[in-house]
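Ready to work through a two-chain model by hand? Grab a viewer and try each exercise before you read its solution.

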Amino acid sequence: MLQLTNIDKTYRTSSVETLALNNINLNVKKGEFISVMGPSGCGKSTLLNIMGLLDEPTGGEISIDGSRVANYHDKELARLRNEKLGFIFQSFHLINDLSVLDNVEIPLLYRKTSAKVRRELAQEALEKVGLSNRMKHFPKQLSGGQKQRVAIARAIVGRPEIILADEPTGNLDSVMGNEILDILQKLNDDGATIVMVTHDDAMAQRTHRLVRLFDGTQVL
Amino acid sequence: MLRHLLKLIWNKKGSHSLLIIEIWASFMVLFGVLSLIVYNLNNYLEPIGFEYKNVWVVDLNNNQDTTAIAEKTTQIMQRIRSYPQVASASRMSSNTPFSANTMNNSTNYQKISSMADDYYTDEEFSKTLDLPLTAGRWYLPEDRVSKSTPVVINKKLQEKLFGDENPLGKVLGNNDSESEGNQKTTFRVVGVVDKFKAKGEFMLDNPAIFKLMDKNDKWNKLVLIKTKAGTDATFEERLVKDIAAMAPGWGIEVSYLTESRKNRHNLTLVPVIIFLIISGFLLTNVALGLFGILNLGIARRRSEIGLRRAMGATEGSVTAQFLGEMWVLAAFSVILGLLFAVQFPIMNVFDIAAGVYLTAIAAAIVVIFVIVTLCAWYPSRQAARVQPALALHEE
């Protein structure tokens, strides 16, 4: 479904060259729940950004559903991000000036979806994460766990095939963290493919497969 | 997407209120300046109605001389008309073309009354200023014997007093008709001219009435002289010398209508230019303010931009979103401004045609949106170029 072949990523400034990823090979299969672990700065988020088509690798190839995306233009990449991928971030990235419902609708704005359908799908997604009673609230009125649930609803509202979660429990206490992981596990049980970056061994143990990075190199 | 933008802006109305006020104030200033420009431009595009080139104005000032003024003036007129360089000469009241003097009076026909600019002239006036008649004729020497003073009116006054009715031969009155006793206080229309914009191209075509000056009039001491092409200062010198010899002690001053016209234009254009400079300065400040606010806004909203890119926004849609936000803000401001601006045509403020205000409103809206687009374009493009991975990592 999502295949990375010999992926390298180097950050260059005028004086320094930093190797962030070195020859990463990863094949994410449909329905898998994969965790990516490693110490800070080992390239986990870079890997997730490259998988999410938010960043370009310096070398190697990315294929989604068998199609190589190397030569895709901005519009095609945006369409893939919108239709195939859902993102969950450690710091939620909710827009404070929009209500919970409007935040969840955002991915659907970039499709030709009517306002009525957008509303219905967003309500459905919020029900799935148990936040149907907070639709009119604004992010500042929510707890950390609730914010992350809104972010999950936003990630799944467009029914993407792959969910990329960058330390989704990193800003939450263990109880909230487990609740979030329960939701992700439920989504996986319902058929979603999930790649999750985490620091937490216990969380990683609950996934199907573990990918370990060290200094940009895949060690497991 | 529009509904999304409206919500986003409505929810941030507090922080946007200053910007809305700033754009609103710019709209109002622009509306004022553009109304002035449209008004003057509309007038300018209308023909002036007469020919001013090669026309001189001779001011005969009798100073302390009080004897036989009318006779001397008649002799001077005969002398002036006898020069081969003179095509035509006419006496006129002090409100000569492009002068600062204005005379007006209420003119009545039956129960209809209209204010009209009054000009006292003689039989040669239409020839001197090449003033074409659209109906009837200019007054003739034999008209002096008639019971009513012969007058020529312009089309504007004709429309006001007569509508579609033929004005020729109709008798008019004015406010002084009942009080002037034995003088001729009624006026018979003998002709109609199209336009007479005495204060120049920028003047509105006001209702005007030309009345035949009394033959022995001694108060109106201005003479318009239409000179033949090629007449130079040598003739002017001779003319002044000859008149001075005929009327010793009189002051004689010659001026040219072309020069008076320039001065009159300056009187109109200088305030417009001053307003334009002020509004230009204001708009530049607004533009810089908008540019700065947008740049700052984009710096603060980098993570939102990253998020939208991650959710499927293209570079184009990020640009469109930021431009759209500014357009929505500008639209709010313009709607607020329209509430004030539309009162001008509705209430007929300054007696200016509604079309002038409506054109100014339309032009002000266009200018505001052009400025907003120009100011928002570069920051919006910058926003679109934000690297999503970097922007998401920054928060």
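Below are five exercises, each with a worked solution.

This is a predicted model, where local features need pLDDT of at least 70, side-chain atom pairs count only at pLDDT 80 or more, and totals for chains, interfaces and linings use all residues. Residues are numbered from 1 along each chain as its sequence is written, while chains are lettered from A and ligands numbered from 1 in the order in which they are written.

**Exercise 1. Sizing up the chains**

Work out how the radius of gyration of chain A and that of chain B stand against the globule rule.

*Step 1.* Get the rule straight: the radius is taken over C-alpha atoms, and the rule is 2.2 Å times the number of residues to the power 0.38.

*Step 2.* Start with chain A, which has seven helices and ten strands. Its radius of gyration is 17 Å, close to the 17 Å the rule gives for 220 residues, so chain A is as compact as a globular protein of that length. Helices here (H or I, at least four residues) and strands (E, at least two) are DSSP runs, numbered from the N terminus.

*Step 3.* Now chain B, with twelve helices and eleven strands. A compact globule of 395 residues would come out near 21 Å, but chain B has 31 Å.

*Step 4.* Check the boxes along the principal axes. The C-alpha trace of chain A spans about 50 × 40 × 35 Å; the C-alpha atoms of chain B fill roughly 100 × 50 × 35 Å.

*Step 5.* Add burial. A residue is buried if 20 or more other C-beta atoms (placed from the backbone) lie within 10 Å of its own, exposed if 12 or fewer, and partly exposed in between. Buried residues make up 47% of chain A and 36% of chain B.

**Exercise 2. Where the chains meet**

Find which element of chain A gives the most to the side that touches chain B.

*Step 1.* Count the contacts, meaning residue pairs whose C-beta atoms, placed from the backbone, lie within 7 Å. That gives 24 residues of chain A in contact with 23 residues of chain B.

*Step 2.* Sort by element. Helix H1 (44–51), H2, E6 and H3 of chain A each give two or more residues to this side, and H2(A) gives the most, with six.

*Step 3.* Sort by character. The chain A side divides into eleven nonpolar, six polar and seven charged residues. For that split, Ala, Val, Leu, Ile, Met, Phe, Trp, Tyr, Cys and Pro count as nonpolar, Asp, Glu, Lys and Arg as charged, and the others, Gly among them, as polar.

**Exercise 3. One side of a helix**

Which residues of helix H2 of chain A are buried, and what do they pack against?

*Step 1.* Scan residues 74–84, the span of H2(A): the buried ones are A:Ala78, A:Arg81 and A:Asn82.

*Step 2.* Look down the axis. These residues sit on the same side of H2(A) because they cover an arc of only 95 degrees, judged by the directions from the helix axis to the C-beta atoms. As a reminder, an α-helix has 3.6 residues a turn, so residues three or four places apart point the same way.

*Step 3.* Find the neighbours. The buried residues of H2(A) pack against strand E6 (85–89) and helix H3 (100–109) of chain A, together with helix H8 (302–310) of chain B.

*Step 4.* Cross over to H8(B). Seven of its nine residues are buried, including B:Glu304, B:Arg308 and B:Arg309. Just after H8(B), B:Gly312 takes a positive phi of about 120 degrees.

**Exercise 4. Following strand pairs**

Trace how E7 of chain B pairs with E3 and with E8.

*Step 1.* Two strands pair if DSSP finds at least two bridges between them. E3(B) (104–109) and E7(B) (171–174) are antiparallel over two bridges, with B:Asn108 opposite B:Gly173.

*Step 2.* E7(B) also runs antiparallel to E8(B) (186–193), over three bridges. There, B:Leu172 has B:Phe187 as its bridge partner.

**Exercise 5. Matching the record**

Compare the UniProt "transmembrane region" spans of chain B with the model.

*Step 1.* The unreviewed entry lists residues 21–41, 269–299, 326–346 and 352–378; such annotations may be inferred rather than shown by experiment, feature names are shortened, and positions follow the numbering used here.

*Step 2.* Residues 21–41 are 100% helix and 0% strand, with end C-alpha atoms 29 Å apart. Residues 352–378 are 93% helix and 0% strand, with ends 40 Å apart.

Notes:
Contact = placed C-beta atoms within 7 Å.
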